[in-house]
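This briefing covers the strand pairing, the nonpolar cores and the main pocket of one model. The points are grouped by topic.

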Amino acid sequence: MNVAADNILTVRGLCKNFGALAVTQQVDLDLARGARIGLIGPNGAGKTTLVNLLTGMLSSDAGTIVIDGHHIEKAKPETRVRHGLVRTHQINTLLMETSVRDNVAIAVAERQNYAWRMLRYGPQWRACLDEAQHYLEEMRIGHAGDRRVSELPYGEQRLLEIAIGLSLKPRILLLDEPGAGIPSTEAHIIHEALESLPPDIAILLIEHDMDLVFKFAREIVVLVLGRVLTRDVPANISSNAEVRSVYLGRSVV
Ligand SMILES: Nc1ncnc2c1ncn2[C@@H]1O[C@H](COP(=O)(O)OP(=O)(O)OP(=O)(O)O)[C@@H](O)[C@H]1O
Ligand SMILES: [Mg+2]
């Protein structure tokens, strides 16, 4: 295996079939520490499936996933999180009628193996809330901590998802369409939040908003029919004739 020394994530030969549908086909993926990689491709290309395979929400049929020298392809999802592999979801998974700060504090408590239902109102819960506030501020929604999630504008709910991801202390953060469903008037807050993510975290950004991807990513991976078509710097991706014909043709980048 040819692996760069500064890789935090190394994926080789990852495969997944759903019945006759080969949805992930021999995927190789390298993420360096602090990487900023975009993952793009048509609907149904297998982007979310790849994230599900990496995080262990789905089991792979073949291939290896190595984080910082540790094979995790057979590990449980929570073990992968402990190795620093964290994702956000294409569709919101927040506790809508709970406060914004509590949503993050619960994740902080779970990270520390606290039974958070037992420790509510105790000093440990206070510490979880304080830590949660730090992540909310990092995502620029510190003002919203006391509000119910359902009261937040949708763009801020997406930022809350990322704040929860940060609270799990990721070394690799997989963001599945953080801009999905956000009105264009709010799109800039996602861009600003992505730009302010800690530089040491490796980030894989899945997005159909090409403006967001091309501003954020230093390299872009194109996935088509479960295969990596190419990986290159943004300027070469936007001028790549094959990429334009399978995906970018309709958009101007
Ligand atoms: N649990 C499943 N069982 C069977 N087929 C599935 C399952 N999950 C996904 N698929 C199929 O696998 C393919 C890839 O789906 P996936 O959700 O990974 O695509 P995607 O690239 O994330 O698309 P989008 O851009 O629309 O989010 C699709 O054809 C989808 O219908
Ligand atoms: Mg998807």
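Strand S1 (residues 7-18) runs antiparallel to S2 and is joined to it by 8 bridges. Strands here are DSSP E runs of at least two residues, helices are H or I runs of at least four, and both are numbered from the N terminus. The model is predicted: local features need pLDDT of at least 70 and side-chain atom pairs pLDDT 80 or more, while totals for chains, interfaces and linings use all residues. Residues are numbered from 1 along each chain as its sequence is written, and side-chain values use heavy atoms, without hydrogens and water.

**Sheet**
- Leu 14 has Val 27 in S2 as its bridge partner.
- The open sheet has 4 strands in the order S2-S1-S4-S5, with antiparallel pairing; two strands pair if DSSP finds at least two bridges between them.
- Strand S2 (21-32) and strand S5 (70-71) are the edges, each with a single partner strand, so one side of each has no neighbour in the sheet.

**Nonpolar core**
- The largest nonpolar core (buried Ala, Val, Leu, Ile, Met, Phe, Trp, Tyr and Cys joined through side-chain atoms within 4.5 Å; buried means under 20% relative accessible area, with a 1.4 Å probe and protein chains only) has 51 residues, of which Ile 40, Val 104, Met 139, Leu 160 and Leu 194 touch the most other members.
- Helix H3 (100-111) is among the elements that give two or more residues to this core, and H3 gives the most, with 7 residues.
- Another core, of 26 residues, lies apart from it and includes Val 51 and Ile 206.

Notes. Chains lettered and ligands numbered in written order. Buried < 20%, exposed > 50% of the residue type's maximum accessible area, 1.4 Å probe, protein only.
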